[in-house]
Amino acid sequence: MITAGICPLEDVKAVIYDDEIYERVTDDNCPPKEQFEIPPEGYIAIGGYIEGKIASIFLVHGNKMHFMVLKNYRKYARQLLDESFKCYPFKVYVEIPASHKPVINFAKNYGFKEIKIEKMAHKKNGQLYDVHTLEYGV
């Protein structure tokens, strides 16, 4: 069973501090994972759960959204996002580096609409990538 709801900080940490997730969502300006501290406030965190285990995090600050799914649960990403949007049914936008084409494609297939591309705005491992901004919702 897939569910979603406001989640505790421990579940946010379980996803963000996952080695693979942290590598995917950071850039060259971010500190090493061991030095990164999650702010205590200023965002809404919705956890996606499969059989009661944390599988995803849907973070929103302002109307910017970050959606992260642990690798073992990626085949359920669409359903996890569906459940998360039931908890947060508002307009959001995402910024995705061009280095993550599958993520851009996932967002577009879900219904996100591209609104701009910022040239060479994301630096990862010394290489610059364009950043795609996409929005979703009413």
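How many of the 9 residues of strand S3 (residues 53–61) are buried? The count is 7, so to speak of a mostly covered strand is fair; buried here means under 20% relative accessible area and exposed over 50%, with partly exposed in between (1.4 Å probe, protein chains only).

A word on ground rules: this is a predicted model, where local features need pLDDT of at least 70, side-chain atom pairs count only at pLDDT 80 or more, and totals for chains, interfaces and linings use all residues. Residues are numbered from 1 along each chain as its sequence is written, and side-chain values use heavy atoms, leaving out hydrogens and water. Helices (H or I, at least four residues) and strands (E, at least two) are DSSP runs numbered from the N terminus, and two strands pair if DSSP finds at least two bridges between them.

S3 has an antiparallel partner in S2 and another in strand S4, as the table shows.

| Pair | Bridges | Residue pair | Positive phi in the hairpin |
|---|---|---|---|
| S2 and S3 | 7 bridges | Ala45 and Leu59 | Glu51, near 50 degrees |
| S3 and S4 | 6 bridges | Val60 and Met65 | Gly62, near 65 degrees |

Next door in the story is Gly42, which sits in the loop between helix H2 (19–25) and strand S2 (44–50). Gly42 is exposed, at 61% relative accessible area. Leaving aside neighbours within four places in sequence, Gly42 touches Val60 and His61, where contact means heavy atoms within 4.5 Å. The C-alpha atoms of Gly42 and Gly62 are 8.3 Å apart, with 20 residues separating them along the chain.
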